Amino acid sequence: MKSLNDVQKLFPSEDGNRESRENFLQLITTLLEKMDGMKRPDYASLGHEKQRETNFYQQLIQTAEVPLQGESLSHLVDSMTSLMTGHPYHSRYFLTNVLPMASIPGLIGQLTASLLNGNNLWDVYGPAGAEAETKVIAMMSRIAGFDVNESWGYTTWGGQGAVFTGLRLAIAKHCPDAVEHGVPDNLYVFSSEQAHYSLIKSAEATGIGRSHVIKVRTKRDHAMDEQDLASKMAKVIEEGGKPVYVVATTGTTDNFGIDNIQAIKDTTNALTDMHGLPPVHIHADSALGGFYAFFNAYDFKVNPLNFEEKVLTGLQIITSKMQHLHLADSLCFDFQKLGQTPYATSLFLVKNKEDLSLIDLDAAESPYVGDRGYGDYHTSYTLECSRMASSIAIMAALQLFGVEGYQILLANYVRVNLVFREKLQATLPELCVTNPLNPGPVTAFRLYSKTNNWEMEVDGQLTKEQIMETNKRNEALFEYFGAHRARIFLGDTKKFDLVPCKNDGELQPVYVSKFFTISPYTEIDHIPDVITFIQEAVEATKSTESEVTFSC
Ligand SMILES: *Cc1c(COP(=O)(O)O)cnc(C)c1O
């Protein structure tokens, strides 16, 4: 039987004694040793894949039970090691979606937040979080081009949480009554076809309704088509609807399309002015791509980091759009993506801090915290109540990487992708890069028969059957990639874009594979291996494919 004293040993010490610290450190050392022992730079996973029966989760449900007596600390490392075994790991061949490696400053920041375990809800409970949060809000406001005296923000649950809060603000600005009485049934929101599905969920959760999300066509570079936005918005207004919110994606998840916020703002303002309506709230969904704003102040002429010509050109293309970020009313930086920190460390920013007061609670409605003579920082405008101090990890990363550290890393993603595209097309002409106009951390590619290609498809020259056949071929390809992901881990998507088919112009989704550079360890030297791997996959799927003939 265990005593209270045994249970107390499961906690950090009360008095800072050395023995307790060394026991704790010993556990961490052993855990790291176990993890390091499983690392293999040539594979994208830790150790060997765990065998999983088809009824794996069902078996877990049948056997999992809280033990009556807790296990010993030595069991802890074993059980953590078992969880790590076969886990995807961010080595050079980890090329799937934006699932980054958490950096050491990010980890130390997160550990500090956990050691303190303050509640970021109120500075009386979490002073470290309040201090770090204030700092990162100002730091990133400056990067985005916001006025730090006007802007504000907080850390939240993901890029999705930011899209959601942006919508709450949009509703509150357009219908102050809605905060008390609920949303009217004539509000409409807009995003491009390439936008993240966050908006669809947000429309449901705010009560606007999913059918009030209007999808806007994209252009060749996968950025929002402002003319289509104008005509769809005009139609909504003519039919008595009220446009309140436009999500401008600045760096789409699948192809790094960057919406032009300046053009979007001009377009929406012209329409709302004409109809005597208030301007719509523009949220830049910069969760992924916003980090390229670290180049907004880069001196491209002097080029202090000596980037090669091609990389420089790529970065300039990105920056030409990212420089408009400050025109958005709200935006987001998902530090758990290109910010190099652990999950979940997302920063939501608003250009005008008064916007947040529209959704704030009265002091009388939060009786436990906030409204006291002590403490000045109470986040009663967040949807969360208790909040982790994820800003500490963000602050640590920003301080250690510095602007240059981020520039070096982000430029390397562009470099690796440019070389990958070149080599891929040279080696495998039946594969087309489907985002050739978008330099960035991701390359999308699609396998065609000899007679088809992406240009024809996007131009509407292929029949529905041909598009579907190509989808099938690509599905086989990414099933192969999936089965071999412990070696080289590529990504894929079943809705890369919508293309019109030749028959009747009906829009069809397009399946593509993705090469997403996210590991700091992926360099151009590793590309030949990736190309060989893709080549093997193409051969393997070809040999299983039944002969198909096309009638182009
Ligand atoms: C990842 C992403 C999101 C969702 O962010 P989470 O942090 O997963 O909630 C939203 N929008 C874009 C553009 C993204 O890349």
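## Close-up views of a predicted model

**View 1. R220 and E455 meet in a salt bridge.** In this predicted model, the closest N and O atoms of R220 and E455 are 3.1 Å apart, and the two residues form a salt bridge. R220 sits in the loop between β4 (213-216) and α10 (226-238), while E455 belongs to helix α15 (residues 454-458), so this pair ties together parts that are 235 residues apart in sequence. How accessible is R220? R220 has a relative accessible area of 40%, which makes it partly exposed. E455 also counts as partly exposed, with 41% relative accessibility.

**View 2. D221 pairs with K321.** Here D221 forms a salt bridge with K321, and their closest N and O atoms lie 3.0 Å apart. D221 is in the loop between β4 and α10, and K321 is in helix α12 (residues 309-322), so the pair ties together parts that are 100 residues apart in sequence. Are D221 and K321 buried or exposed? Both D221 and K321 are buried. Salt bridges that share partners also build a network, which joins R220, E455 and D459.

**View 3. E226 reaches K219.** This close-up shows another salt bridge, formed by E226 and K219, with 3.0 Å between the closest N and O atoms. The two partners can be compared by their accessibility. E226 has a relative accessible area of 14% and is buried, because the cut-off for buried is under 20%. K219, at 35% relative accessibility, counts as partly exposed. If you would like to look for others, a search of the whole structure finds 21 salt bridges.

**View 4. A nonpolar patch lies on the surface.** Which residues form this nonpolar patch? They are L4, V7, L10, F11, L73, L76, M80 and L83, and together they have about 780 Å² of accessible area. Two helices, α1 (4-8) and α4 (73-84), each supply at least two residues of the patch. Helix α4 gives the largest share, with 4 residues. One residue to pick out is L76, found in helix α4. L76 is partly exposed, and its relative accessible area is 36%.

**View 5. Helix α7 is largely enclosed.** Follow helix α7 (residues 158-174) from its first C-alpha to its last and you cover 25 Å, close to the 24 Å expected at 1.5 Å a residue. The helix has 17 residues. Of these, 16 are buried, so α7 is largely enclosed by the rest of the structure. Here is a tip for reading any such helix. An α-helix has 3.6 residues a turn, so residues three or four places apart point the same way.

**View 6. The whole protein puts the close-ups in context.** Stepping back, the secondary structure comes to 17 helices and 14 strands. The radius of gyration is 25 Å, close to the 24 Å that the globule rule gives for 552 residues, so the protein is as compact as a globular protein of that length. Its C-alpha trace spans about 80 × 60 × 55 Å along the principal axes. How much of the protein counts as buried? The answer is 51% of the 552 residues. The protein exposes about 26,300 Å², and 54% of that is supplied by carbon and sulfur atoms. Among contacts between residues at least 6 apart in sequence, 74% join residues at least 24 apart.

Key
Residues numbered from 1 in each chain as written. Predicted model: local features only at pLDDT ≥ 70, side-chain atom pairs only at ≥ 80, totals over all residues. Heavy atoms only, no water. Salt bridge = Lys/Arg side-chain N within 4 Å of Asp/Glu carboxyl O. Buried < 20%, exposed > 50% of the residue type's maximum accessible area, 1.4 Å probe, protein only. Patch = residues over 30% accessible without salt bridge, like charges linked within 9 Å, V, L, I, M, F, W, Y side chains within 5 Å. Areas by Shrake-Rupley, 256 points an atom, 1.4 Å probe, with all protein chains shown as cover. Rg over C-alpha atoms; globule rule 2.2 N^0.38 Å. Contact = heavy atoms within 4.5 Å. Expected span 1.5 Å × (residues − 1).
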